[in-house]
Amino acid sequence: MAHDRIDTDPATARRLWNDAADAYHHFVETGLDYYRTDLHGPALLDACGDVRERRVLDLGCGQGWFTRQLAAAGAQVTGVDWSHGLIEHARAIEEARHFRAGELAGGVTYDVLDAADIATHFAPDTFDLVTACMSLMDMPSPGAVLAAAARLAPRIVFSIPSPVTDAPHRVWKRDASGTKLALEIDRYFDATTTVMQWNMKRLVHHFATVQYRYTLEQWSRMIEDAGLVIARLREPRPSEAAIAKRPELADAARLPYFLIVDACRSRAA
Ligand SMILES: C[S@@+](CC[C@H](N)C(=O)[O-])C[C@H]1O[C@@H](n2cnc3c(N)ncnc32)[C@H](O)[C@@H]1O
């Protein structure tokens, strides 16, 4: 994954996600995103705890991979995303799922919605839990979205790339045989807006999206300003079984690649 340092506005960010809808859908739904299927996805679901019969809002749901995980665990889920293309994929998957099960569609509800508008779209306390699977860092104003989420539910659980290792300068140093020696990281404090090129070898279709990068301190400040307190942080690591199945995951046992934040409304809020 390469990062180009190009500033872009929210309209461009939304357009890029719409343009990427088919490619992203293919990437995730064909299992090529093994960091998700075998690492951060299960860890995020585990962090949510028992969601049976809980009303959950999944922010930046894309084509609904995590939304369906929540539904399968028994939650009543609404998924929202600002990309029409991704929500079309989400609805198509949902219809096919229910068609196969011989039921009417309706297990998950999807809306095309900018997460910046959730507070005007949903009444306060509509949900028990708000989730965001690898999406808040793709939103132009994650602090405002967190504040809005805090009005809709008493708890938010979200995953992001670890700010520690997802630095603007990030290069694996290798020996002559190509073995990874150490990850060189620099410019941690550059809170940049970047166009991320999804051009990894395993991707069949390449695409580009905008990512807004923040430091740990900035995330913590956004959470605090939203009237939330951090209940728990998790840095998921692959199990030995996961590494045996997917040797590529071994790097994530050396360094934190993802951060999961479990935050609740503070008493003062
Ligand atoms: C990396 S994808 C993750 C999608 C999905 N949660 C998943 O796990 O596959 C980031 C998602 O955030 C969505 N997104 C970014 N900014 C948004 C916003 N302001 N409102 C709603 N969705 C947004 C994008 O359209 C994209 O679907």
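**Notes on the core, the ligand site and the cysteines**

1. Start with L136: skipping neighbours within four places in sequence, L136 is in contact (heavy atoms within 4.5 Å) with P142, V145, L146, F158, I160 and W219. Keep in mind that this is a predicted model, where local features need pLDDT of at least 70, side-chain atom pairs count only at pLDDT 80 or more, and totals for chains, interfaces and linings use all residues. Residues are numbered from 1 along each chain as its sequence is written, and side-chain values use heavy atoms, with hydrogens and water left out.

2. L136 also belongs to the largest nonpolar core, which has 85 residues. Such a core is a set of buried Ala, Val, Leu, Ile, Met, Phe, Trp, Tyr and Cys residues joined through side-chain atoms within 4.5 Å. Among those with the most contacts inside it are L57, L59, I118 and W198.

3. Now the ligand. It is surrounded by 19 residues (a heavy atom within 4 Å), with Y24, R36, G60, D81 and A115 the closest.

4. For polar contacts (N or O pairs within 3.5 Å), a side-chain N or O of D81 sits 2.6 Å from a ligand oxygen. R36 puts a polar side-chain atom 2.8 Å from an oxygen of the ligand. At C133, a backbone N or O is 2.8 Å from a ligand nitrogen. The protein buries 99% of the 590 Å² that the ligand exposes when taken alone (Shrake-Rupley, 1.4 Å probe).

5. What about disulfides (cysteine sulfurs within 2.5 Å)? The whole structure has 0. For C133, the nearest cysteine sulfur is that of C48, 9.3 Å away. The C264 sulfur is 12 Å from its closest cysteine sulfur, again in C48, so that is too far for a bond.

6. C133 is buried (under 20% relative accessible area, 1.4 Å probe, protein chains only) at 9%. C264 is partly exposed (between that 20% and the over 50% of exposed) at 25%.

Definitions and conventions
Polar contact = N/O pair within 3.5 Å; in protein donor to acceptor, adjacent residues only side chain to side chain. Disulfide = S-S within 2.5 Å.
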